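Here's a protein to explore together. Take a look at the sequence and the 3D view, and then we'll walk through what holds the chain together.

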Amino acid sequence: ETPTTDSPTDAPTETPTETPTTDSPTDAPTDAPCIQPSRGCSPSNGQLGLPNADLCQAACAFSADCNFFSFVPNPLSPGNFLCLRCAASENQDYDQCLDGGGAPNGQCVGGPETCDEPELTPVELLANSTAAVAGCCALAPAATETPPAPFAGSVEEARFEWSLALHAVLKEWQDGLYDDDVAFQAALGPAADTAAAAILDGCGEAPCGYGAALVSNARSLLLLYDGDADRALADDPARRVIFQNYSVFVADAGFFDAATLAAIDAYYAGLPPRLLSTGTLGVGTPDETAFCTMTCKNAFKCGDDAAPGTIVSFTKIGFNVFAEQLGDRSENAFRSNTFGAAWPATPDADGFMSVFRHENAHQFDRTMNTRQQDLRTNIAARCTIDQNWLRAGLFVAQGSNAYFQGAPQEIVASQVGNQYSYSTSTQLEVARYRVDAVGDLLAMEWFVFNVDVVGDETSATFFERLGPGYTAAIPVGLDRAYAGGP
């Protein structure tokens, strides 16, 4: 499986990136005559957690490849709904949408991308959505109120719709859909100037009112258009430095405090350049992206409404972390390894940084060559018990061995992200203990595999804990059996 991105996935994760992403909808059916009970459709442009069918229809209208939408119950989150954006109508039956005879049961509704509303062009969507940004900014004149949106009633709903619109247009622009659209290319500069002026005035990013998602997407527009963070993060020096140095956009609605941002910066400063370029940014891979988006989706929640956090990232590579700060909690990354008790004398890792390192390490899968992928498969195939794994003490019901066998995409994220990049020497101690105690070499094979993934032809990096949230990156030499080999 490819490394985790912002795109939804059903693959299990050791530390889930988020809780279910919708609030309970208002009544699923709507009075709009063209929206009717639906059997479901097959999404061509992913799925979103949205609070009602009207916003689902708006999300479809703003996407170039969506002609029909279906608003269906989320099978993984009872009481919540998913918005499916589809190229064709009712081309897939969802069990939860049907009664015993195969007819729609009223739980699901769907319809065309618009009813009587005008369908706006990409240029109009870009212009109106960036004009709406000014309505979220503290020093904007009263004349620059949020433009009314095609499907919205209140100003808050209009802001959410323009967030949907800007998110959809940016993703399609990034994907090359408008490369030959002369009018769209001409509209980008004025739209970027509008967004930049609003941000420079000073933008409030309070989650309630839906301004935070809109402003975050405006920042993304400027990052993509300008290629730097000078205007996008003109009011935010800490996040601007992280972007300028590492091409990572921290999209958190201003949630993270100064200490947390400093720890994020320090982590990237110690990351081997190859892991940052090929892993985090996908350079030279099919996932190559202008920048990586690090989201904190729950920071965009308003009460129980988590929908805004689902529309703040469109880049090909991205990951999500919990809404917590450095120091909020701790994690024993070496708990219960091979001998039933936590490894002695290793202080707990910071909880936020454990999740952050884990999600970053998911990107390292992208750097692996065929030999390394085959090596991972080979070692895993010979593991039969939890103690064969460096992360033997995972809190998972099925045990570590069953977990990693069923979710190989978690191997590097867990063993490199949670352990190796926190204290390499402790991980080596665990591997050596397993050899000395019972003659089992598999944990040591995993350690050498980790060094191989993190390293290059002649060198690697070890990491050692400096204090809560911080590690030292220590360069070490490698002597391989042959060029390009183990």
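Let's start with the cross-links: this structure, which is a predicted model, holds five disulfides. Here are three of them.

| Pair | S to S distance | Torsion about the S-S bond | Handedness |
|---|---|---|---|
| C56 and C83 | 2.1 Å | about 85° | right-handed |
| C60 and C66 | 2.0 Å | about -100° | left-handed |
| C97 and C108 | 1.9 Å | -85° | left-handed |

What does the link between C56 and C83 tie together? C56 belongs to helix α1 and C83 to strand β4, so the bond connects parts that are 27 residues apart in sequence. Both ends are tucked away: C56 is buried with a relative accessible area of 0%, and C83 is buried at 0% too.

The other two pairs in the table are also hidden, since C60 and C66 are buried, as are C97 and C108. C97 and C108 both sit in the loop between β4 and β5, so their bond ties together parts that are eleven residues apart in sequence.

**The sheet around β4**

Strand β4 is part of an open sheet of five strands, lined up as β1-β5-β3-β4-β2 with antiparallel pairing. Why do β1 and β2 each have a side without a neighbour in the sheet? β1 (36-37) and β2 (43-48) stand at the edges with a single partner strand each, so one side of each is left open in that way. As background, strands of a sheet pair through backbone hydrogen bonds, either parallel or antiparallel.

Now for the partners. β2 is joined to β4 (residues 81-86) by three bridges, and L48 stands opposite C83, the cysteine we met above. At the other edge, two bridges connect β1 with β5, with Q36 partnered by G110. Further in, β3 and β5 share four bridges, and F69 has G111 as its bridge partner.

Helix α1 (residues 53-61) lies across β2, β3, β4 and β5, and runs at about 145° to β3.

**What's packed inside**

In soluble globular proteins, nonpolar side chains tend to be buried together. Here the largest nonpolar core has 62 residues, and L50, F62, L126, F160, W162, L164 and W173 touch the most other members. Several elements supply at least two residues each, among them α1, β3, β4 and α2 (122-133). Which helix gives the largest share? That's α3, with ten residues.

Zoom in on L164: leaving aside neighbours within four places in sequence, L164 is in contact with L48, L50, L55, A58, A59, F62 and I311. There's also a second, separate core of 56 residues, which includes I242, C296, F319 and W446. C296 is buried at 0% relative accessibility.

Helix α8 (residues 273-280) is worth a look as well, with L275, L276, T278, G279 and T280 buried. Their cover includes α6 (237-246), β6, α7 (258-270), β7 (292-295), α9 (351-362) and α14 (442-454). After α8 comes G282, whose phi is positive, near 65°.

**Stepping back**

The chain has 14 helices and twelve strands, and buried residues make up 54% of its 486 residues. Among contacts with a separation of 6 or more, 70% are between residues 24 or more positions apart. The accessible surface comes to about 18800 Å², and carbon and sulfur atoms account for 54% of that area.

Methods. Residues numbered from 1 in each chain as written. Predicted model: local features only at pLDDT ≥ 70, side-chain atom pairs only at ≥ 80, totals over all residues. Heavy atoms only, no water. Pairing = 2+ DSSP bridges. Contact = heavy atoms within 4.5 Å. Axes fitted to C-alpha atoms, helices over the stretch in contact; angles between N-to-C directions. Core = buried A, V, L, I, M, F, W, Y, C linked by side-chain atoms within 4.5 Å. Buried < 20%, exposed > 50% of the residue type's maximum accessible area, 1.4 Å probe, protein only. Areas by Shrake-Rupley, 256 points an atom, 1.4 Å probe, with all protein chains shown as cover. Disulfide = S-S within 2.5 Å.
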